[in-house]
Structures are given as structure tokens and as C-alpha cells.
Amino acid sequence: MGSSELLIALDRDSATPLQQQVCDQVTLLVRSGQLRPGDAVPASRELALQLGVSRTVITRAYELLRAHGILTARRGSGTRVAGLAGGVPSGARRSAPAALTPQPPRSTDDGNALWQPWEPAPTHHPGTGIDFRHGTPALANFPVARWLQSLQQAYGRADAAALGYGPAEGSPTLRTEIATLVRQSRALDASADRIMVTGGATQAMDILVRLLVRPGDVVVIEDPSHTVLRQVFGCSEATVVPVPVDEEGLRVGDIDACVRAQGHDPARVKLVYVTPSHQFPTGFIMSEGRRLALLDWAYKRGATVLEDDYHNEFTFTAERLPALAAARHRDTVVYVGSFSKTLFPALRIGYAILPPHLVQPFLGIKWITDRLTPTVDQEALAHFIATGAYTRHISRMTRLYRQRRSRLIEALLEHFGSEVRISGEAAGLHVLVTLTGTRGATEAEIARLAADRGVRIYPASGYFVQDLPTEPTFLMGYAALTTARITEGMELLAAVVREVKSRPGATG
């Protein structure tokens with residue numbers, strides 16, 4: 001089984017040596033059951049890169065752990081967990097509150113015009129300029145040859161059953177691999193039978209809306225938020241209520257007031273959608289206090305929290321909190337993830353991790369939606385993860401994206417200085433950029449002038465429902481652009497802003 005990132009945070013101001021901190025935290029991961037006997041741990045070089053320390057720190061920590069019998073190393077199988085005396089406790093099953101009894105699926109209707117998509121279609125225009133579109137990974141750097149090996153292995157082993165209709169919940173092998181991934185990198189301990197494989201994260205969200213929401217109910221979303229949500233939630237018969245976010249994430253204390261302001265009872269909130277690890281589009285990370293407040297609010301209201309763990313794999317700071325679903329949430333959280341950004345969007349494999357009481361109702365809707373997610377692709381993905389290729393790819397992409405992100409931020413500051421505000425730089429594959437020195441020009445005007453020079457940038461105001469930005473704000477993706485193209489694109493954008501500022505009659 002392939003190793004994954006470990007949820008370790010080092011305190012560089014502590015008197016405890018770094019190697020001892022690594023040793024202590026790995027021991028804790030084993031005692032808590034997040035690492036289990038036989039699990040592979042990252043190679044010393046990979047963990048050193050992840051934590052930003054020298055390889056010597058990790059090799060000494062691993063030596064200590066082997067000396068204590070916690071890790072074992074064998075030629076050909078890498079370093080693995082040996083287990084502890086007395087065994088490792090497994091996560092206890094949580095009972096479901098009666099208020100969360102799921103409702104049967106029902107038909108949907110057209111949504112309010114407020115929730116219709118406004119964003120341009122995600123069309124790729126190769127060779128037609130410098131495109132800062134968000135949501136596109138560095139597809140040119142995907143290890144196609146390695147992926148083909150996994151595909152060939154999957155088809156080579158496929159029998160008549162594998163080529164037929166597989167289980168609606170997904171490949172048992174892939175679900176087991178996903179369980180290990182989220183346990184090690186997100187501290188989320190979930191058995192494979194609670195993991196449902198879906199056609200991307202979007203299908204998981206669609207099924208949950210059909211399952212949990214009835215006419216007259218309320219769905220709470222973040223404001224700002226992704227326009228896909230307007231399509232998914234807006235086609236239900238629920239009222240969609242946007243609640244503002246700030247630097248700590250969703251303003252949980254404002255939920256009741258926002259719901260009442262639209263003439264609804266907060267007791268009718270059935271679903272709360274959040275992106276706690278990287279809020280879209282601001283990039284804010286939900287604070288520990290807000291997370292606890294949200295879980296408490298949802299439990300008391302009998303609501304379900306839909307955690308979209310957006311871009312959690314690509315984090316560029318020491319601040320890396322576990323998944324919201326890793327907390328003691330008393331069966332109120334559904335965790336949704338996807339391989340679209342880590343591998344490639346066309347794969348269309350996502351997953352939902354459900355409380356036990358939602359598994360069978362979810363499967364009932366999955367069955368009538370598409371019967372199954374393509375089976376052999378799932379087996380190929382399971383092989384890709386199990387052989388360690390997935391972890392190595394994430395590690396390479398994190399290094400690449402860190403370079404590109406740094407170049408974008410440097411270039412923005414170099415050209416615009418105090419006249420630019422940047423948020424969301426801590427994680428993910430885009431940043432939110434506000435240009436404060438544009439002399440009254442609109443987002444649309446700046447985007448049009450930039451396009452005339454061969455640069456595509458994307459206005460962000462359409463993501464906001466209530467408090468729209470007062471100055472031109474853009475969502476800028478950088479993952480698919482080389483540092484040279486980023487540099488060139490920022491030079492061209494700076495020329496546009498100079499043109500705007502030099503216009504006769506322009507005001508600051």
C-alpha cells in the first residue's frame with residue numbers, strides 16, 4: 001500500500017528537538033489508530049520535503065521509532081508501522097441522531113434566477129494567450145506513462161465480472177485505498193463501507209441534496225461560493241441562503257439571522273455547505289473555533305454539514321488542520337473529495353464519506369442516477385495509489401505549484417506594490433487578487449483590455465451574492481502556467497493598469 005502525507009505540525013520555537021517532535025507525533029498517530037500495523041510511512045526524503053526540514057531530522061526520528069519497535073524497515077517494502085503492544089484502538093461507531101432520518105428522493109424543479117450560472121464555460125484555448133483560469137491542474141506534468149501502467153494492470157486483471165456492472169458503491173479495493181489516504185493525511189478514520197465512489201465531487205453533492213432536502217427546507221452556502229453550487233442547490237425546491245465568510249471561515253453565528261432575514265425558520269436548515277480547508281474563492285482556512293461552533297450548531301438543529309475538502313492536498317504553510325469530519329461530529333458531517341484536481345478532471349472519480357445511517361439511502365439514489373462509476377478506471381486508480389505513484393505525484397506537484405504560486409505573488413507585488421491585495425495564498429491552485437489602484441475602472445473593462453493583450457483573467461464579483469467587492473477583484477489560477485508565462489502575464493496586466501491610470505479624467 002502506498003504511503004501518504006502524515007498530519008504532522010512542527011513547533012520550531014519549542015525547546016524539544018525537531019527529530020523528537022517527529023518521533024512523538026508519529027507515535028501519537030499510531031496510538032490513535034490513524035497509522036495502523038502494516039501501513040507504509042513516507043520515505044525520509046518525502047517527509048523532509050513535506051515538513052520543510054533536513055532529511056537528517058527524519059532519518060534520526062525513524063531510527064528512534066525503529067528502536068522503540070514502532071516502525072520496522074525491510075528491504076523492498078520500505079518503512080512500515082510495526083504496531084504497539086496491546087493493539088491499536090479502532091474508531092468507535094457513532095449512533096445517528098433521530099432528527100437526521102433521511103427522506104426518500106424526489107423530483108426537482110428549476111431554481112431561482114439568482115442561482116443560474118454566470119461563469120464562462122471551462123473551455124481550453126491552447127496557444128491563444130496566457131490563461132489564468134482557476135481549477136486547471138498542471139496537466140502537462142501528469143505522469144501519463146505511469147498511469148498507463150496502472151490502466152494496463154487493471155485491464156490485464158479484469159475478468160467478466162470486472163467488465164460488467166460493478167457495485168454502485170464503487171470498487172472495494174479503491175474504497176480501502178481512499179480510507180487509508182484520508183486516515184493518514186486528513187486524520188479521518190472511516191471504514192471502507194462508509195465510502196461511496198461517485199462521478200466527481202459534484203455527483204456526491206447532487207445525491208445529498210436529493211436525499212436530505214425537501215420543499216420548504218433551507219440549504220446554507222458560503223458567500224462568496226462556487227457557481228457550480230448555484231446549479232446543484234438551485235435546482236432543488238429548497239431556499240438557498242448565503243451566509244458571509246471572513247478570515248476564520250463561515251460566520252456560524254450569523255446563520256440564524258441570515259435564514260430569518262429571508263423569512264425562514266432556522267430549524268428548516270437541512271444542509272450546510274462549507275469548504276473549511278480552502279474556502280472558495282477567498283482561500284481562507286476555517287479556524288478551530290468556527291469548526292467546533294458549526295458542529296455544535298448542526299447537531300442542535302438536526303442539520304447535515306457537507307464538507308467539500310477543496311484543494312486540501314496542496315497546502316503551502318505550516319497551518320494544516322485535520323478534516324472537519326475527523327472531529328467528534330456525532331454523525332452530522334458528510335465528507336466529499338475528488339481526484340479531479342490532484343490527477344486530471346476527465347477521470348471523474350470522487351467520493352463521499354457518509355455517516356452510517358446515510359449509506360443505504362445514498363446508494364439507492366446512486367443506483368438510479370448512473371448505476372456505477374466506471375469500474376476498471378477505479379481499479380487503475382487503486383493500483384496507482386497502492387504502488388505509491390499517487391503520493392509521489394502529489395509531492396512533485398506540490399513543489400511545482402509552490403514555485404508557480406511564489407512567482408505569481410512576487411510578480412503581483414513587484415508590479416502593483418501597495419495597490420494589490422492577495423488572499424488565498426496558503427493553499428489551493430489559485431489566489432484572489434484585488435487591484436486597488438485602477439482609477440475607477442471596472443472588472444469587465446480590465447479583463448477586456450487584458451484579453452486584447454493576450455491575457456485571460458477572470459472577474460470575481462459573480463461569486464458574491466451580498467457584499468460585492470468594491471474594487472476590481474479577480475480569481476487567478478496559476479497551476480497550469482510556467483513561471484515564465486506567469487511573469488509575462490503579469491507584465492502585460494501591469495501595462496493594462498498603467499493604461500487605465502493614465503486615461504484623461506481618471507480618478508483615484
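## A helix across the sheet

Helix α14 (residues 443–452) lies across two strands, β15 and β16 (473–477), and runs at about 40° to β16. Keep in mind that this is a predicted model.

Those two strands belong to an open sheet of 4 strands, laid out in the order β12-β13-β16-β15 with antiparallel pairing. Which strands stand at the edges? They are β12 (420–423) and β15 (458–459); each has a single partner strand, so one side of each is left without a neighbour in the sheet.

At the β12 end, the partner is β13 (residues 430–435), and the two strands pair in the antiparallel sense over 4 bridges. If you want a residue to click on, try Arg 421: its bridge partner in β13 is Thr 434.

## Rings that pair up

Now for the aromatics. A ring pair is described by the distance of the centres and the angle of the planes. The count here comes to 10 aromatic pairs. One of them is Phe 339 with Tyr 351, a tilted pair at 5.7 Å centre to centre with 50° between the planes. This pair links distant parts of the chain, 12 residues apart: Phe 339 sits in the loop between β10 (333–338) and β11 (350–353), while Tyr 351 is in strand β11 itself. Are these two residues buried or exposed? Both Phe 339 and Tyr 351 are buried.

There's also an aromatic cluster to look at, formed by Phe 142, Trp 147, Phe 344 and Phe 384.

## A charge over a ring

Tyr 299 has a charged companion: the charged end of Arg 330 sits over the Tyr 299 ring, 3.7 Å from the ring's centre.

Conventions: Residues are numbered from 1 along each chain as its sequence is written. This is a predicted model: local features need pLDDT of at least 70, side-chain atom pairs count only at pLDDT 80 or more; totals for chains, interfaces and linings use all residues. Side-chain values use heavy atoms; hydrogens and water are left out. Rings of Phe, Tyr and Trp (its six-membered ring) pair if their centres lie within 6.5 Å; planes under 30 degrees apart count as stacked, over 60 as edge-to-face and the rest as tilted. Buried means under 20% relative accessible area, exposed over 50%, partly exposed in between (1.4 Å probe, protein chains only). A charge sits over a ring if NZ of Lys or CZ of Arg is within 6 Å of the ring centre and within 35 degrees of the ring normal. Two strands pair if DSSP finds at least two bridges between them. Contact means heavy atoms within 4.5 Å. Axes are lines fitted to C-alpha atoms, for helices over the stretch in contact, and angles run from 0 to 180 degrees between N-to-C directions.
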